[in-house]
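Please examine the structure below together with the explanation that follows it. The text begins with the overall division of the chain and then turns to particular sites.

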Amino acid sequence: MSHSNPKLAIHGGNPVRQTLLPYGRQSIDEEDIAAVVEVLRSDWLTTGPKVGEFEQKITALTGASHAVAVSNGTAALHAAIYALDIKPGDEVIVTPMTFAASANCVLYQGGTPVFVDVEPDTLLIDPTKIEAKITAKTKAVIAVDYAGHPCDYDALSAIAERYQLALVADACHAIGGSYHGRPVGSLATLSTFSFHPVKHITTGEGGLVTTSDPELAQRMRVFRNHGITTDHRQRAQSGGFFYEMVDLGYNYRITDFQCALGISQLNKLGASIAKRQQIARTYDDAFRPLEYVNLLSVRPDIIHAYHLYMVQFDLQKLNMSRAEIFAALRAENIGVNVHYIPVHLHPYYRQQMGTAPGICPVAEAAYERLITLPIFPQMTDDDTHDVIRAVQKLAR
Ligand SMILES: *Cc1c(COP(=O)(O)O)cnc(C)c1O
């Protein structure tokens, strides 16, 4: 080789950087800290005024009429499936290319997740493959805005309407994104969000569901509070003690200091997505010429929120396995990850639901070649270029 690359760190060369660059990281500033401290000094640590204020800010951002904040993104998915009255015997269509919680929520209510494969170039649920999986038992579709790219909601809504199905958007990756000019959070019957530290905005742990259906919103408010129709603050205001438990709910409440953090974080969402998009553009430009890297497609007329940035490596052209690529990039101190192991391949699903390799061949093939590269707002230009240099070093 005339113009040989520096030796990979895994083969004894120098790593492109000395400290590990994580794949994602929260951004917390002094304003965030002050907002939390203010609530800690107030009368309401939980179920106080900050919860409604946070919900109000999310309705303004998403254009949905109602927002119900809960303790985490998984609780948000559970509340959504509960609100839709999914029961044993009901089927819900889900994508395999997601975090397990997107399908687990169906199991919590005794329903059956039915996996539908993804599009090969976006890895979003493939609307053309949904109808073949619809039966008399199908009640809903859960779409996941994988990586932050909104799904094809025109196609999904048309199918939902034709078959009278509810449409749930697991938008945990996509807050701040949009589809054909309409904001994420207003594209489905119910949309769920997570505020875990790796997501765009964080409350430590936290989640939320948006909807424009007042009845679904009310069901979720009762569900997050043990199935009780009034909350502690409402009773404090009315001076009474009486409450009724009308259904079996959970304690899925979020605290006021978490919501204060969420409100403060939301002020920075626009800037943080702009930074993520800038990093993604820099990666796209650097990787497009590399014949061993395949970028994911981005559809026209959408705003991609870039929670994650993945590429698919051409294993033949590199003559390396994904495990070798992963180890090589980690040795360069690039904190790569893999999103996701297809849900139907997890042992629990294989054993309890009888799923097996072969039911979603596109997702399974993509998984073998997928790597998630670091992307988060506080990455410097040097960090971005370290990632690019490490990927370039893989060529031999
Ligand atoms: C993070 C995430 C969840 C779960 O959210 P938690 O807040 O961690 O419970 C669900 N679905 C997707 C797609 C996610 O990325």
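**Two domains and a ligand site**

The chain is divided into two parts: domain 1 covers 9–26 + 269–393, and domain 2 covers 30–266. The model is a predicted one. Between the centres of domain 1 and domain 2, taken over C-alpha atoms, the separation is 26 Å. The contact involves 40 residues from domain 1 and 43 residues from domain 2.

The interface may be described first by its area. About 3,400 Å² is buried between domain 1 and domain 2, and carbon and sulfur atoms give 65% of this area. On the side of domain 1, Leu 269, His 307 and Tyr 340 together supply 22% of the area buried against domain 2, more than any other three residues. Tyr 340 belongs to the loop between helix H11 (322–331) and H12. The backbone also deserves attention here, for the peptide bond from His 339 to Tyr 340 is cis, with omega near 10°.

Polar and charged pairs also cross the interface. Between domain 1 and domain 2, 18 residue pairs are in polar contact. The side of domain 1 that touches domain 2 draws at least two residues from each of helix H9 (269–287), strand E11 (302–303), strand E12 (309–313), helix H12 (347–353) and helix H13 (361–369). H13 provides the largest share of that side, namely 5 residues. By class, the residues of the side of domain 1 that touches domain 2 comprise 27 nonpolar, 9 polar and 4 charged. Salt bridges across the interface of domain 1 and domain 2 number 2. A salt bridge also pairs Arg 299 with Asp 121, with the closest N and O atoms 2.9 Å apart.

What surrounds the ligand? The ligand has 16 residues around it, and the closest are Gly 73, Thr 74, Asp 170, Ser 194 and Lys 199. Several of these residues can be followed atom by atom. In the side chain of Thr 74, an N or O atom is 2.6 Å from an oxygen atom of the ligand. An oxygen atom of the ligand also lies 2.7 Å from a polar side-chain atom of Ser 194. For Asp 170, the partner is a nitrogen atom of the ligand, which is 2.8 Å from an N or O atom in the side chain.

The view may now be widened to the whole structure, in which a search finds 18 salt bridges. One salt bridge joins Arg 17 to Asp 383, whose closest N and O atoms are 2.8 Å apart. Because Arg 17 lies in the segment before helix H1 (30–40) and Asp 383 in helix H14 (residues 381–393), this pair ties together parts that are 366 residues apart in sequence.

A last backbone detail concerns Asp 85. This residue is placed in the loop between helix H3 (73–83) and strand E2 (91–94). Phi of Asp 85 is near 65°, which is a positive value in a residue other than glycine.

Key: Residues are numbered from 1 along each chain as its sequence is written. This is a predicted model: local features need pLDDT of at least 70, side-chain atom pairs count only at pLDDT 80 or more; totals for chains, interfaces and linings use all residues. Side-chain values use heavy atoms; hydrogens and water are left out. Domain bounds come from an automatic or database domain assignment. Contact means heavy atoms within 4.5 Å. Buried area is the accessible area (1.4 Å probe) that two parts lose on being put together, summed over both. A salt bridge is a side-chain nitrogen of Lys or Arg within 4 Å of a carboxyl oxygen of Asp or Glu. A polar contact is a pair of N or O atoms within 3.5 Å; within protein, one must be able to donate a hydrogen and the other to accept it, and residues adjacent in sequence count only if both atoms are side-chain atoms. Helices (H or I, at least four residues) and strands (E, at least two) are DSSP runs, numbered from the N terminus. Ala, Val, Leu, Ile, Met, Phe, Trp, Tyr, Cys and Pro count as nonpolar, Asp, Glu, Lys and Arg as charged, and the others, Gly among them, as polar. A residue is near a molecule or strand if one of its heavy atoms lies within 4 Å of it.
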